[in-house]
Each structure stands twice: as C-alpha cells, then as structure tokens.
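Biologist: Please take me through this model, and tell me for each term what makes it apply.

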Amino acid sequence: EFGVGKTTIAQKVFNEREIERHFDRRVWVSVSQTFTEEQIMRSMLNTLGEASAKDDANELLKKINQYLLGKRYLIVMDDVWSEDVVWWQRICQGLPKGNGSCIIITTRIEKVSRKMGVKEVRIHRPKFLNEDYSWLLFRKIAFAASDGNCIYPDLEDVGKEIVEKCKGLPLAIKAVGGMMLCKTPYYREWRRIANHFRDELIENDNSVMASLQLSYDELPSYLKSCFLSFSLYPEDCVITKEQLVHCWIALGFLD
C-alpha cells in the first residue's frame, strides 16, 4: 500500500544506533521504476567505494564483493517494483555470504518480495493507523506550535473529520497535517479544507493522492511553479539546495 510507512520503517531500522554498531557496512539503495542493473550496482558502490566509468556489470559486482568480503553488512533495497527479478538474482549471487549479514526489501507488491526470495515468516506488513494514532500523528504536525495539543476546541471535530478521510495512511496524515499547520486556526478555513478534501476523494478514491493534490492546490501560485520544477529531475535523484535555488532563479521564479 502506498503511504503506509514501508520506507519510514526501513529508515528507522537502518539508522538505529544499535544497527549502526552491529554492521560493518550499511548500504541504502533507492530502486526507481526505471532502474537498470548497472545503476543499482553503481549506487551501491557510491556508498562502499569507487567505481570506474568503464566498469561493466561484472566488474562492478566484483568490486562490490571485494568491499563486502569478510564484513557483516546490511543492504536495503527500497521500493522495488519490477516482478522481473533477474537483476536481483545476479547481484545476490555475487554478494559474499555468511557473517550474519542482512538484506531488507521494501515493496508495495508482495509477489516481488517472494520472487526475491523472502520467506513468509520474514515478511512484515505495516498496518494502517487506528483512529487514536491517526489523530495523535495529525496533532503532532498540525498543532506543532502548541506541542501537539489542539488548543482550539472548535477545530477538534473538523480536524478529526479531515483525519478520518486519510484512512489511517501516515503519508496522507503527514501531508494534510503539514498543510494545516500553515493555515489560520479558524473553523471556517478548516471546514473549507475538509470539504475540498471530500471533493478530491470523490475524484480520486486514494487518500494519499487526494491529500497530496489538496496540499498542492492550497499552495500560492508562485510556490506551485517552484514545486512543479521538481519534475525536471529523475526519480530518487538527490538535489542540493544550491542547485535547486539556482534552477528557480534561472527559470525566473525568484527575483
């Protein structure tokens, strides 16, 4: 399920201090929908060491093996889509075995995890947040200025109505909560947002996409242009702040 928190859970594990101490090497790979086997291996080597532009797939895999040989490693393959996992089988066969190493795969397609060799007992299925936890997460974001406490009694019912439309999906709750943090704490404004959210859900029965569309619709026009410029970059691309600002200046979005 999109937005249920798969990547967030994996990041929590990956960055845990005990995990950092336990493993000699940790590698995070964001697997985009348009990846190639070579891109995956180069991404791994960006963390582990160096790779020559002339290296072919076999040479890249050999270098990965050398960097990990004799080490206890943790590899996260995040957001895998393709059911054709031949690329993974080749990489997995080239990885050194033993030493208590671990591989984590996140995917919204359960068949993918099975094809990649994950046993049923090892599959973790994140659950939707219940009503109380959904409201708690929303409060922490939307009412951050008051330490997560709703100090406006007239906003609680409409706030819970907004949260209910998120259907327990953390990403939707965070998107809407962040938007409400910037809104004036007036009932009329919150009611307008709740109605807009309802209309978005009628158009697209997906609370994550509806919440993201709602957040975009509520941006001022000058920020919409800045936001849309992200479409120029490939999926999972790392963008530096300086590069982004220079891009906005070049496009005429900033004075």
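**Pockets, domains and a helix pair**

Modeller: The lining of the second largest pocket takes at least three residues from each of domain 1 (6-122) and domain 2 (131-218). This is a predicted model, in which local features need pLDDT of at least 70 and side-chain atom pairs count only at pLDDT 80 or more, whereas totals for chains, interfaces and linings use all residues. Residues are numbered from 1 along each chain as its sequence is written, and side-chain values use heavy atoms, with hydrogens and water left out.

Biologist: How do you know where domain 1 and domain 2 begin and end, and how far apart do their C-alpha centres lie?

Modeller: The division is into domain 1 (6-122) and domain 2 (131-218), with bounds that come from an automatic or database domain assignment. The C-alpha centres of the two domains are 36 Å apart.

Biologist: Why is the second largest site called a pocket, and not a cavity?

Modeller: On a 1 Å grid over the protein atoms alone, a cavity is a set of points where a 1.4 Å probe fits but cannot get out, whereas a pocket is an open set with protein on both sides within 12 Å along at least five of seven lines, so the word pocket marks an open set. The second largest pocket holds about 590 Å³ of space, the volume being that filled by probe spheres set on grid points joined across faces, edges and corners. Its lining (residues with an atom within 4 Å of a point) has 23 residues, and Phe-2, Gly-3, Thr-7, Thr-8 and Leu-171 are the closest to its centre.

Biologist: What gives the most to the lining of the second largest pocket?

Modeller: Helix 1 does, with four residues; helix 1, strand 1 (25-30) and helix 9 (170-181) each supply at least two. Helices (H or I, at least four residues) and strands (E, at least two) are DSSP runs numbered from the N terminus.

Biologist: And how many residues line the largest pocket, and which are the closest to its centre?

Modeller: The largest pocket has a volume of about 960 Å³. Its lining numbers 27 residues, with Ile-105, Val-118, Arg-122, Ile-123 and His-124 closest to the centre. By class there are 15 nonpolar, five polar and seven charged residues, where Ala, Val, Leu, Ile, Met, Phe, Trp, Tyr, Cys and Pro count as nonpolar, Asp, Glu, Lys and Arg as charged, and the others, Gly among them, as polar.

Biologist: What makes helix 3 and helix 4 a packed pair, and at what angle?

Modeller: Helix 3 (residues 37-48) and helix 4 (residues 57-68) pack at about 35°, their axes 10 Å apart; axes are lines fitted to C-alpha atoms over the stretch in contact, and angles run from 0 to 180 degrees between N-to-C directions. The crossing is left-handed, which means that the near helix is turned anticlockwise from the far one by less than a right angle. Among the residues making the contact (heavy atoms within 4.5 Å) are Met-41 and Leu-45 of helix 3 and Leu-61 and Ile-64 of helix 4. The contact residues comprise ten nonpolar, no polar and three charged.

Biologist: Which residues does Cys-150 contact, leaving aside neighbours within four places in sequence?

Modeller: Cys-150, in the loop between helix 7 (131-142) and helix 8 (153-164), is in contact with Trp-135, Arg-139, Phe-143 and Glu-156.
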